[in-house]
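New to this one? Take a look at the sequence and the model below, and then we'll walk through a few spots together.

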Amino acid sequence: VSDEPLGRGRGHSARILIVEGADDLRAVMSRSLERQGYQCVEVAHADAARERLAAERFTLALLDVKLPGSSGMELARDITRDHHDTPVLMVTGLDHPRLADAAFQLGVYGYVVKPFSVNELLISVANALRRRSVELQNRRYRTQLEQTVEARTAELREALGNLERAAEWTIHRLARAAEFRDFETSAHIERMSRYCWMLATRLGLGDDRVRLIALASQMHDIGKIPIPDDILFKPGPLSPSEFELLKQHAEIGYRILTGSGVELLELAATIARSHHERWDGTGYPNGLAGEDIPLEGRIAAVGDVFDAMTSPRVYKPALPVEQALEQMQDERGGHFDPELLDVFLGSTGEVIGVLEDYPDAA
Ligand SMILES: [Fe+2]
Ligand SMILES: [Fe+2]
């Protein structure tokens with residue numbers, strides 16, 4: 001349906017519904033408009049108008065305010081509500097501010113007062129059609145814009161999801177690479193990450209933080225990459241100078257991971273540096289004590305030590321869970337944050353579940 005305004009000559013196909021009770025006036029309106037090239041459908045009352053509106057689309061409806069049966073105002077209300085693409089032009093023999101206001105509230109496009117000249121009618125119709133054309137264009141533009149924004153948002157969301165998965169995967173593999181240098185068949189990284197997840201959750205740190213901690217903790221021993229094999233794989237106890245070298249992995253890990261400003265990596269750097277600190281201040285590299293040790297470092301210490309105890313090493317067999325937990329209990333307030341340790345010891349069922357879910361490869 002074209003909605004070309006008056007002035008573009010004959011032949012355009014705007015379809016106008018004329019709803020007018022007075023036969024002579026209806027005929028005059030229809031004839032004048034058809035002479036301009038509009039197609040007109042004439043009806044004498046509201047019910048007939050509703051029937052036609054249900055059956056076909058109109059570019060414009062011209063309504064007499066005082067129709068027989070249900071009034072023109074009611075019909076106008078129904079059309080503005082149910083036929084958004086069909087603007088309404090009111091025709092009235094009664095010029096009253098209250099009527100004009102009611103028409104305006106309904107959103108009718110114009111208001112022609114009888115008696116009117118043919119030119120007045122034509123100009124009102126042309127203006128209404130022009131306004132409709134602009135509104136339709138705007139609506140199309142808006143819909144297009146919304147669709148574009150929606151599509152772009154979906155693309156962006158997918159790209160971010162991919163990026164997130166790539167980051168998780170890279171972190172995991174990088175952490176495993178460092179760990180492979182140490183204990184070849186170990187699922188240490190997974191278990192340690194799960195313990196951190198469990199502790200962070202029980203501390204009520206919130207889903208986002210919990211997820212970050214579980215990921216970041218996987219990189220706690222990344223600083224072992226440059227530590228010589230003969231220290232990492234030494235079957236017996238380390239000499240004091242060898243131990244000094246091994247201890248450097250905390251600071252080295254921090255330096256590998258820090259500097260990007262990315263929350264996850266900065267957290268990983270913090271954990272790498274602080275996972276060997278002890279609550280009583282006797283740990284390394286900085287001898288921090290109590291709450292001076294970052295919370296995430298304290299969390300990692302609990303998970304890391306428990307898993308080291310319950311895993312076999314080249315220099316020692318695995319401890320049974322009960323025994324490991326007892327030994328850790330002895331370090332309450334020594335090696336470990338007492339409150340954190342209590343949470344861990346109170347979650348034995350879940351701890352054993354993690355051990356069962358992530359066994360060392362044979
Ligand atoms: Fe470590
Ligand atoms: Fe570790």
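## A covered strand

Let's start with strand S3, residues 60-64, which is mostly covered: 5 of its 5 residues are buried. Keep in mind that this is a predicted model. Leu-60, Leu-62 and Asp-64 point one way from the strand, while Ala-61 and Leu-63 point the other way, and all of them are buried.

S3 has company, too. Strand S1 (residues 15-19) pairs with S3 in the parallel sense, over 4 bridges. If you'd like a place to look, find Leu-60 in S3, with Ile-16 standing opposite. Strand S4 (residues 88-92) also runs parallel to S3, and 4 bridges join the two. Here Ala-61 has Val-88 in S4 as its bridge partner.

## The iron site

Now for the metal. Which residues hold the iron ion (ligand 1)? Asp-221 coordinates it through OD, and His-249, His-275 and His-276 each do so through NE2, at 2.1 to 2.3 Å. Written along the sequence, the spacing of these donor residues is D-x27-H-x25-H-H. The angles among the 4 donor atoms run from 82 to 167°, and the site is irregular. For four tetrahedral donors, the ideal angle at a metal would be 109.5 degrees.

There's a second ion to spot as well: the iron ion (ligand 2) sits 4.7 Å from the iron ion (ligand 1), and Asp-221 coordinates both. Asp-221 lies in the loop between helix H7 (207-216) and helix H8 (229-232), whereas His-249 belongs to helix H9 (residues 240-257), so this pair ties together parts that are 28 residues apart in sequence. Both Asp-221 and His-249 are buried.

## Lys-114 and its two partners

The structure holds 28 salt bridges, and Lys-114 is a good place to start exploring them. One of its partners is Glu-20, with the closest N and O atoms 3.5 Å apart. That link spans distant parts of the chain: Lys-114 is in the loop between strand S5 (110-113) and helix H5 (118-180), Glu-20 is in the loop between S1 and helix H1 (23-35), and 94 residues separate them.

Are the two residues buried or exposed? Lys-114 is partly exposed, with a relative accessible area of 24%, but Glu-20 counts as buried because its relative accessibility is 1%, and the cut-off for buried is under 20%.

Remember Asp-64 from strand S3? Asp-64 also forms a salt bridge with Lys-114, and here the closest N and O atoms are 3.5 Å apart. This pair again links distant parts of the chain, with Asp-64 in strand S3 and Lys-114 in the loop between S5 and H5, 50 residues apart. Asp-64 counts as buried because its relative accessibility is 5%.

## Along a helix, and a network

Over in helix H5, you'll find a salt bridge within a single element. The side chains of Glu-135 and Arg-131 meet there, at 3.0 Å from N to O. The two residues are 4 apart in helix H5, which is about one turn of the helix. Both count as partly exposed: Glu-135 has a relative accessibility of 31%, and Arg-131 comes in at 38%.

One more stop: Asp-47, Arg-50, Arg-77, Asp-78, Arg-81 and Asp-82 are joined into one network by salt bridges that share partners.

Technical notes
Residues are numbered from 1 along each chain as its sequence is written. Chains are lettered from A and ligands numbered from 1 in the order in which they are written. This is a predicted model: local features need pLDDT of at least 70, side-chain atom pairs count only at pLDDT 80 or more; totals for chains, interfaces and linings use all residues. Side-chain values use heavy atoms; hydrogens and water are left out. Buried means under 20% relative accessible area, exposed over 50%, partly exposed in between (1.4 Å probe, protein chains only). Two strands pair if DSSP finds at least two bridges between them. Donors are N, O and S atoms within 2.8 Å of the metal (3.2 Å for Na, K and Ca); water is not among the atoms, so sites may look incomplete. Four donors count as tetrahedral if all angles lie between 85 and 135 degrees; four count as square planar and six as octahedral if opposite donors are over 155 degrees apart and all others between 65 and 115; anything else is irregular. A salt bridge is a side-chain nitrogen of Lys or Arg within 4 Å of a carboxyl oxygen of Asp or Glu.
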